[in-house]
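Hello,

Here is the structure I promised to pass on to you. Please open it next to this email, and then read on for what turned up in it.

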Amino acid sequence: MTFHRLKVAFHRLGSPPTFFRLTRLLPPWLWAGFAVTALIGLYLALYVVPPDYQQGDSFRILYIHVPAAWQALLSYVIMAVLAAIALVWRIRSVEIMAMACAPVGAALTALCLATGSLWGKPMWGTWWAWDARLTSMLVLLFLYLGIMGLYAAFEDRRKGARVACILVLVGLVNIPIIHFSVEWWTTLHQGSTIRFFGESRMHSSMLPPLVLMTIAIKLMFGAAMLNRAGNDLLDQDRRKKWVSRYLGGKP
Amino acid sequence: MIPQFNYAFYIWSSYGLFAAIMVWQFLQPRIQRRKILAELREQEALKSGGYHDTGA
């Protein structure tokens, strides 16, 4: 019974007006959640957490850098799952969501690279090094930009999305490379400090702002992605009746 | 108690970048949506014959 309900709900999402309503309904809540968690997270990160015994206050960059890096990778995985569903079942709303992941993921990758560079200068003495983690992360940024470019290059948006979805799946190979780069190669970048399995190498007093900032960035990703997906759907369906009804105030 | 935030340029730049990117992620879809809606309303007005070009 529950499975049947889920199946019906999933099929309903394929209907453009229903999906559009979802893109209008969810983002305000996600943005509100982002604002609350980010404000508390920033307060803890900048004011409550003590300085690191080795890095001093510079370690506070971690509260931006690490959540951005995690979400940049997760955004790509989400985009790849959506791209696979879009290619197999040809569900347009899923296709649109996959394509809406790319600009947000690109922004987070750029944020991760920029904050990494700003952290690298005082800690490593250099803004940039061609080491495995940094280079594979740069490749991720180029992948995101490539996907956005490819999608925008086609006049037929659906054809563009299909081609871009194939590139998304090809680029998925870069995700394990990024994750394991610090183990497979000798890199300037440090190994994992936070472990989901096993004991973390970070003091527990430093964890709460990291958890909050991670949640905040995830909520932001959801909100921004749905905002973009709603716009894309509206733009693609500009000649459809449901858009006229929506413009007339009848959603 | 007033917090003392005497942090270095590197730290403020990172948090500043974070703020700028979050604001952009919030604003950009809204700007884009406004543009699309304006185009769609113009299109609807043209279709229904109620379009008045104020610049003419």
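In which helix of chain A is Pro28(A) found? The answer is helix H2 of chain A. Before you look any further, please keep in mind that this is a predicted model.

Let's stay with Pro28(A) for a moment. Is Pro28(A) buried or exposed? Pro28(A) has 11 other C-beta atoms within 10 Å, so this proline counts as exposed; the cut-off for that class is 12 or fewer. You can also use Pro28(A) to get a feeling for distances: its C-alpha atom is separated by 31 Å from that of Glu155(A), and the two residues are 127 places apart along the chain.

**Chain A as a whole**

Chain A has nine helices and zero strands. If you follow the sequence from start to end, the pattern reads α-α-α-α-α-α-α-α-α. Along the principal axes, the C-alpha atoms fill a box of roughly 60 × 35 × 35 Å. Chain A has 251 residues, and 38% of them are buried. Now take the contacts in chain A between residues at least 6 apart in sequence: 76% of these join residues at least 24 apart.

**Three pairs of helices in chain A**

Start with H2(A) and H8(A). Their axes come within 7 Å of each other and cross at roughly 155°. Helices count as roughly antiparallel when the angle is over 145 degrees, and H2(A) and H8(A) are therefore roughly antiparallel. The crossing of this pair is left-handed. Sorted by class, the residues in the contact of H2(A) with H8(A) are 25 nonpolar, seven polar and one charged.

Next, try H5(A), residues 132-153, and H6(A), residues 157-171. The axes of H5(A) and H6(A) come within 7 Å, with a crossing angle of roughly 165°. That angle makes H5(A) roughly antiparallel to H6(A). Here H5(A) passes H6(A) in a right-handed crossing. If you want to find the contact on screen, look on the H5(A) side for residues including Leu143(A), Gly146(A) and Ile147(A), and on the H6(A) side for residues including Gly160(A), Ala161(A) and Val163(A). The contact of H5(A) with H6(A) has ten nonpolar residues, three polar ones and no charged ones.

The third pair is H4(A), residues 92-124, and H8(A), residues 207-236. The axes of H4(A) and H8(A) come within 8 Å and cross at roughly 125°. This makes H4(A) oblique to H8(A). The crossing of H4(A) past H8(A) is right-handed. Among the residues that make the contact are Ile96(A), Met97(A) and Met99(A) of H4(A), together with Phe221(A), Ala224(A) and Arg228(A) of H8(A). By class, the residues of the contact of H4(A) with H8(A) are twelve nonpolar, no polar and two charged.

**The nonpolar core**

Which residues touch the most other members of the largest nonpolar core? They are Met97(A), Ala98(A), Cys101(A), Met220(A) and Met225(A), in a core of 72 residues. The elements that give two or more residues to this core are H2, H3, H4, H5, H6 and H8 of chain A, together with H1 of chain B. H4(A) gives the most, with 17 residues. Met225(A) is a good place to zoom in: leaving out residues up to four places away in sequence, Met225(A) touches Met97(A), Ala100(A), Cys101(A) and Val104(A).

**Chain B and where it meets chain A**

Chain B has one helix and zero strands. Of its 56 residues, 12% count as buried. How many residues of chain B are in contact with chain A? There are 23, and they are in contact with 28 residues of chain A. The side of chain B that touches chain A has 15 nonpolar, five polar and three charged residues.

One residue of chain B to look up is Leu27(B), which lies in helix H1 (residues 9-48) of that chain. Leu27(B) counts as exposed because it has 10 C-beta neighbours inside 10 Å. From C-alpha to C-alpha, Leu27(B) and Tyr15(B) are 18 Å apart in space, and they are twelve residues apart in sequence.

Enjoy looking around, and write back with any questions.

Best wishes

Notes: Residues are numbered from 1 along each chain as its sequence is written. Chains are lettered from A and ligands numbered from 1 in the order in which they are written. This is a predicted model: local features need pLDDT of at least 70, side-chain atom pairs count only at pLDDT 80 or more; totals for chains, interfaces and linings use all residues. Two residues are in contact if their C-beta atoms, placed from the backbone, lie within 7 Å. Ala, Val, Leu, Ile, Met, Phe, Trp, Tyr, Cys and Pro count as nonpolar, Asp, Glu, Lys and Arg as charged, and the others, Gly among them, as polar. Helices (H or I, at least four residues) and strands (E, at least two) are DSSP runs, numbered from the N terminus. A residue is buried if 20 or more other C-beta atoms lie within 10 Å of its own, exposed if 12 or fewer, and partly exposed in between; C-beta atoms are placed from the backbone. Axes are lines fitted to C-alpha atoms, for helices over the stretch in contact, and angles run from 0 to 180 degrees between N-to-C directions. Angles under 35 degrees count as roughly parallel, over 145 as roughly antiparallel, 65 to 115 as roughly perpendicular and the rest as oblique. A crossing is left-handed if the near helix is turned anticlockwise from the far one by less than a right angle, and right-handed if clockwise. A nonpolar core is a set of buried Ala, Val, Leu, Ile, Met, Phe, Trp, Tyr and Cys residues joined through C-beta atoms within 7 Å.
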